[in-house]
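This briefing goes through a few local features of one protein model. The points are grouped by topic and follow the structure shown here.

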Amino acid sequence: MQQVRGLSPSQVSIFRLNGSDWRALRSLRLRALRASPESFFGDLSTEGNYSKQAWRDELSDHIWVIAKSRMRKIGLVKLNHEPAAADGMHLEALWVDPQRRRRRVGALLVQAAENIAAELGARELKLWIFVENEEAQAFYARQGYGTPIRRQPLEVNGQTRHEQEYEKELRDNRSHTMDMEAKQPALADAAGLRGTDG
């Protein structure tokens with residue numbers, strides 16, 4: 001796990017997960033799917049049956065960042081940076097515990113993902129939002145993702161929904177690298193949680 005420093009308000013820490021943190025990702029991602037199933041493309045029944053290797057592969061293929069407060073995991077976001085993706089990096093799967101919303105946790109997670117994307121050489125970051133999710137649209141507008149650039153239908157859990165793509169130009173962060181501190185042991189062990197939400 002790597003802790004992203006200089007981003008957090010009091011009592012909130014932001015971490016980038018590594019491959020050995022698959023239990024932390026699994027527990028928080030499944031918690032998000034239980035709490036807000038309408039907000040995501042994935043579904044609990046499918047991801048709940050993922051194997052240990054599937055979670056490890058997810059951490060190998062993409063970048064996941066989480067927020068913690070007093071040892072409790074309270075939010076996460078995914079940076080989809082598949083090299084084969086011709087349309088650039090995408091921000092996905094943002095979720096914050098309902099009891100911790102409107103306290104800048106989501107904004108901190110987005111900022112961390114943007115900084116990582118910039119460090120990897122991205123000039124812009126994109127994301128998709130379901131058209132009926134006005135709360136998410138308002139939130140991302142405050143983060144600089146304003147006018148949608150395209151719209152498409154999407155089959156989600158047996159029904160057709162529509163989503164819109166947004167993008168934001170990123171500043172060049174390569175000249176002032178994020179101060180990131182490697183922490184050992186891995187997140188699940190360091191937190192004493194070992195895959196639970198504790």
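In this predicted model, the side chains of R29 and E47 make a polar contact at 2.8 Å. R29 is part of helix α1, which spans residues 22-35. The points below cover the surroundings of R29, the largest pocket, helix α5 and the loop residue G19.

**R29 and its surroundings**
- R29 has a relative accessibility of 7%, so it counts as buried, the cut-off being under 20%.
- Leaving aside residues up to four places away in sequence, R29 touches F40, G42, E47, W55, W64, L76 and A93.
- Among these contacts, E47 is also the partner of R29 in the side-chain polar contact.

**The largest pocket**
- The largest pocket holds about 1400 Å³ of space.
- Its lining is made up of 46 residues, and those closest to the pocket centre are S39, F40, A93, L94 and Y140.
- Two of these central residues, F40 and A93, are also touched by R29.
- Elements that contribute two or more residues to the lining are α1, α3 (52-61), β5, α4, β6, α5, β7 (150-156) and β8 (159-169).
- The most lining residues come from β5, which gives seven.
- Sorted by class, the lining contains 22 nonpolar, 16 charged and eight polar residues.

**Helix α5**
- Helix α5 covers residues 134-142, and its buried residues are A136, F139 and Y140.
- These buried residues lie on the same side of α5, because they cover an arc of only 90 degrees around the axis.
- E134 and R142 are exposed, on the other side of α5.
- The cover over the buried residues of α5 includes β5 (90-96), α4 (105-119) and β6 (124-130).
- Y140, one of the buried residues of α5, is also among the residues closest to the centre of the largest pocket.
- Just after α5, G144 has a positive phi of about 105 degrees.

**G19 in the loop before α1**
- G19 sits in the loop between β2 (13-16) and α1.
- Its relative accessibility is 31%, so G19 counts as partly exposed, between the cut-offs of 20% and 50%.
- G19 touches R56 and L59, again leaving aside residues up to four places away in sequence.
- The C-alpha atoms of G19 and D57 are separated by 7.9 Å, although these residues are 38 residues apart along the chain.

How values were computed: Residues numbered from 1 in each chain as written. Predicted model: local features only at pLDDT ≥ 70, side-chain atom pairs only at ≥ 80, totals over all residues. Heavy atoms only, no water. Buried < 20%, exposed > 50% of the residue type's maximum accessible area, 1.4 Å probe, protein only. Helix = DSSP H or I, 4+ residues; strand = E, 2+ residues; numbered from the N terminus. Arc of directions from axis to C-beta. Contact = heavy atoms within 4.5 Å. Polar contact = N/O pair within 3.5 Å; in protein donor to acceptor, adjacent residues only side chain to side chain. 1 Å grid on protein atoms, 1.4 Å probe; cavity = no way out; pocket = protein on both sides within 12 Å on 5 of 7 lines; lining within 4 Å. Points joined across faces, edges and corners; volume = space filled by probe spheres on them. Nonpolar A, V, L, I, M, F, W, Y, C, P; charged D, E, K, R; others polar.
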